Amino acid sequence: MAVTREAIGASLVYGNFVRPRGYTGRNVTIAVIDSGIDSTYPGLGNRLVLSKDFTGTGTNDTFGHGTHIADVIAGAEHGGNFGGVAPESRIISLKVLQADGSGKTSDVIAALDWVRQNRDRFNIRIVNLSLGHPVFESYEDDPLAQAAQRVIDAGVVLVASAGNYGKVKVDGEDVPVFGGIASPGNLPDVITVGALNTKGTPNRYDD
């Protein structure tokens with residue numbers, strides 16, 4: 001995060017340089033569908049407005065990934081933390097991953113449906129899904145992609161991970177995998193987020 005905000009241009013909209021009013025995520029609620037969020041993490045403070053569990057294991061983040069993602073999105077500058085992309089936004093935590101990082105597609109679909117049903121109540125403008133599953137069928141038939149489309153059709157921006165299938169080892173060499181974007185990142189109306197390494201081939205880790 002020391003360079004991320006500047007690299008993607010987010011810092012340009014905070015003050016007077018590009019947007020005179022400044023856009024920092026204030027009054028915007030972002031739903032993070034992940035492994036939960038540590039409610040004691042100081043970088044979010046009272047901006048973590050709700051935590052809901054879909055796994056039956058409680059709302060606490062026992063995997064760590066959801067707290068990491070929430071910090072990238074909305075963490076405030078404190079101590080050695082450089083702050084997130086939208087440091088004044090509010091966060092809703094919807095837990096669908098367990099302590100080992102695994103989860104059920106049905107739980108993710110339930111969380112997406114919850115967002116759609118509660119969008120106006122919490123002013124949810126964005127959903128973040130830094131997870132997914134391999135593509136087994138067309139996005140037109142995939143229940144997860146269909147659930148994501150319903151959220152988008154309700155007026156919510158949905159951002160999803162491209163997945164960790166960007167390259168494979170062949171004879172000890174990294175070979176790019178084309179068409180390896182995970183569901184629901186393969187849905188045309190989703191904003192799909194990936195990463196590149198210095199050689200320009202997809203990175204295994206795309207958070």
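**Exercise 1. In this predicted model, find out what surrounds the buried Arg47 and which side chain of opposite charge is nearest to it.**

Step 1. Start with the location: Arg47 sits in the loop that links β1 to β2 (48-53).

Step 2. Look for a charged partner. Asp71 is the nearest side chain of opposite charge, and it is 7.1 Å away. A salt bridge needs a side-chain nitrogen within 4 Å of a carboxyl oxygen, and Arg47 has none.

Step 3. Now list the contacts. Leaving aside residues up to four places away in sequence, Arg47 touches Ala74, Gly75, Ala76, Ala86, Pro87, Glu88, Ser89, Arg90 and Ile91.

**Exercise 2. Asp71 belongs to α2. Work out how many residues of helix α2 (residues 65-74) are buried, and what they pack against.**

Step 1. Count along the helix: eight of its ten residues are buried. They are His65, Gly66, Thr67, Ile69, Ala70, Asp71, Ile73 and Ala74.

Step 2. Interpret the count. With eight of ten residues buried, α2 is largely enclosed by the rest of the structure.

Step 3. Identify the neighbours. The buried residues of α2 pack against three strands: β1 (29-34), β3 (90-95) and β4 (124-129).

**Exercise 3. Decide whether Gly163 is buried or exposed, and find its separation from Gly194.**

Step 1. Place the residue: Gly163 is in the loop running from β5 (157-161) to β6 (167-170).

Step 2. Apply the cut-off. Buried means under 20% relative accessible area; Gly163 has 14% relative accessibility, so it counts as buried.

Step 3. Compare chain and space. Gly163 and Gly194 are 31 residues apart along the chain, while their C-alpha atoms are separated by 7.4 Å.

**Exercise 4. Step back to the whole protein: describe its elements and its overall dimensions.**

Step 1. Read off the secondary structure. There are four helices and eight strands, and their order from the N terminus is α-β-β-α-β-α-β-α-β-β-β-β.

Step 2. Test the dimensions. A compact globule of 207 residues would have a radius of gyration near 17 Å, and the protein agrees because its own value is 17 Å. Along the principal axes, the C-alpha atoms fill a box of roughly 50 × 40 × 30 Å.

Step 3. Check burial and contacts. Of the 207 residues, 42% count as buried. Taking contacts between residues at least 6 apart in sequence, 73% join residues at least 24 apart.

Step 4. Finish with surface and charge. The protein exposes about 10,900 Å², of which carbon and sulfur atoms supply 53%. Its 18 positive and 23 negative charges have mean positions 8 Å apart.

Terms used. Residues are numbered from 1 along each chain as its sequence is written. This is a predicted model: local features need pLDDT of at least 70, side-chain atom pairs count only at pLDDT 80 or more; totals for chains, interfaces and linings use all residues. Side-chain values use heavy atoms; hydrogens and water are left out. Helices (H or I, at least four residues) and strands (E, at least two) are DSSP runs, numbered from the N terminus. The radius of gyration is taken over C-alpha atoms; the globule rule is 2.2 Å times the number of residues to the power 0.38. Buried means under 20% relative accessible area, exposed over 50%, partly exposed in between (1.4 Å probe, protein chains only). Contact means heavy atoms within 4.5 Å. Accessible areas come from the Shrake-Rupley method with a 1.4 Å probe; for residues, only the protein chains shown count as cover. Lys and Arg count as positive and Asp and Glu as negative; His and the chain ends are not counted. The place of a charge is taken as NZ of Lys, CZ of Arg, CG of Asp or CD of Glu.
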